[in-house]
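Here is a friendly walk through one model, from its surface to its pocket. Please keep the viewer open as you read.

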Amino acid sequence: MQAGAAFFFVLFVALGSWQVQRLGWKQALIARVDARVHAAPVAPPAEAQWPSVNRDADEYLRVALDGRFLHDRETLVQAATERGAGFWVLTPLQRADGTFVLVNRGFVPPERRDPARRSTAPAGDVHVQGLLRLPEPGGGFLRHNDPAADRWHSRDVAAIATARGLPAD
């Protein structure tokens with residue numbers, strides 16, 4: 001009986017310590033994101049820098065870029081938000097240097113999945129400001145992206161680029 005009590009005591013102390021460490025990590029993440037969200041926008045990393053982009057240094061960096069949306073190559077990524085189930089609309093933005101950036105243009109509910117059921121998409125040259133997010137290859141928890149069926153559960157930039165005929169660099 002005493003061995004069981006000692007085991008549970010050690011287990012609960014370990015779990016409590018893990019929760020305190022997790023709280024510290026979460027507070028640091030919130031502070032980092034808050035600082036980046038409120039910073040002045042900068043140019044996104046140049047193509048030569050893409051291999052060195054990482055979560056700690058770059059995710060949620062506020063960026064600004066110019067280009068033209070390629071609405072015919074948009075991708076809908078399944079999402080669950082406080083507004084319910086629906087899709088994130090990821091649309092390639094072609095920049096003047098020929099590179100492409102996938103831009104999350106926002107959430108749409110299932111009844112607005114068809115572009116004809118949405119408000120008019122921006123045409124011509126646009127200026128976009130947003131937060132840099134990193135790819136999420138493979139899919140979501142227990143759900144894998146299925147490019148052949150055009151079913152997406154995560155921002156798998158390389159797979160989406162391939163599926164839409166864009167350079168996957």
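Phe12 is exposed, at a relative accessible area of 55%, where exposed means over 50%, buried under 20% and partly exposed in between (1.4 Å probe, protein chains only). The model is predicted, so local features need pLDDT of at least 70 and side-chain atom pairs count only at pLDDT 80 or more, while totals for chains, interfaces and linings use all residues. Residues are numbered from 1 along each chain as its sequence is written, and side-chain values use heavy atoms, with hydrogens and water left out.

Phe12 sits in helix 1 (residues 2–37); helices (H or I, at least four residues) and strands (E, at least two) are DSSP runs, numbered from the N terminus. Together with Phe7, Phe8, Leu11, Leu15 and Trp18, Phe12 forms a nonpolar surface patch with about 640 Å² of accessible area in total. Patch members have over 30% relative accessible area and no salt bridge, and nonpolar side chains (Val, Leu, Ile, Met, Phe, Trp, Tyr) are joined within 5 Å, like charges within 9 Å. A salt bridge here is a side-chain nitrogen of Lys or Arg within 4 Å of a carboxyl oxygen of Asp or Glu. The areas come from the Shrake-Rupley method with a 1.4 Å probe, and for residues only the protein chains shown count as cover.

Now to the loops. Three loop residues compare as follows.

| Residue | Loop | Relative accessible area |
|---|---|---|
| Tyr60 | between helix 2 (55–58) and strand 1 | 21%, partly exposed |
| Asp150 | between strand 7 and helix 3 | 34%, partly exposed |
| Asp156 | between strand 7 (143–144) and helix 3 (157–163) | 11%, buried |

Phi is positive at Tyr60, near 70°, in a residue other than glycine, and Asp150 also has a positive phi, near 55°. Asp156 lies 17 residues from Gly139 in sequence, with 7.2 Å between their C-alpha atoms. Beyond its neighbours within four places in sequence, Asp156 is in contact (heavy atoms within 4.5 Å) with Glu136, Pro137, Gly138 and Asn145.

How much space lies in the largest pocket? About 1200 Å³. The largest pocket is lined by 42 residues, with Val101, Leu102, Leu132, Arg133 and Val157 nearest its centre. Elements giving two or more residues to this lining include strand 1 (62–69), strand 3 (84–94) and helix 3, while strand 4 gives the most, with 5 residues. On a 1 Å grid over the protein atoms alone, a pocket is an open set of points with protein on both sides within 12 Å along at least five of seven lines, and lining residues have an atom within 4 Å of a point.

Conventions:
1 Å grid on protein atoms, 1.4 Å probe; cavity = no way out; pocket = protein on both sides within 12 Å on 5 of 7 lines; lining within 4 Å. Points joined across faces, edges and corners; volume = space filled by probe spheres on them.
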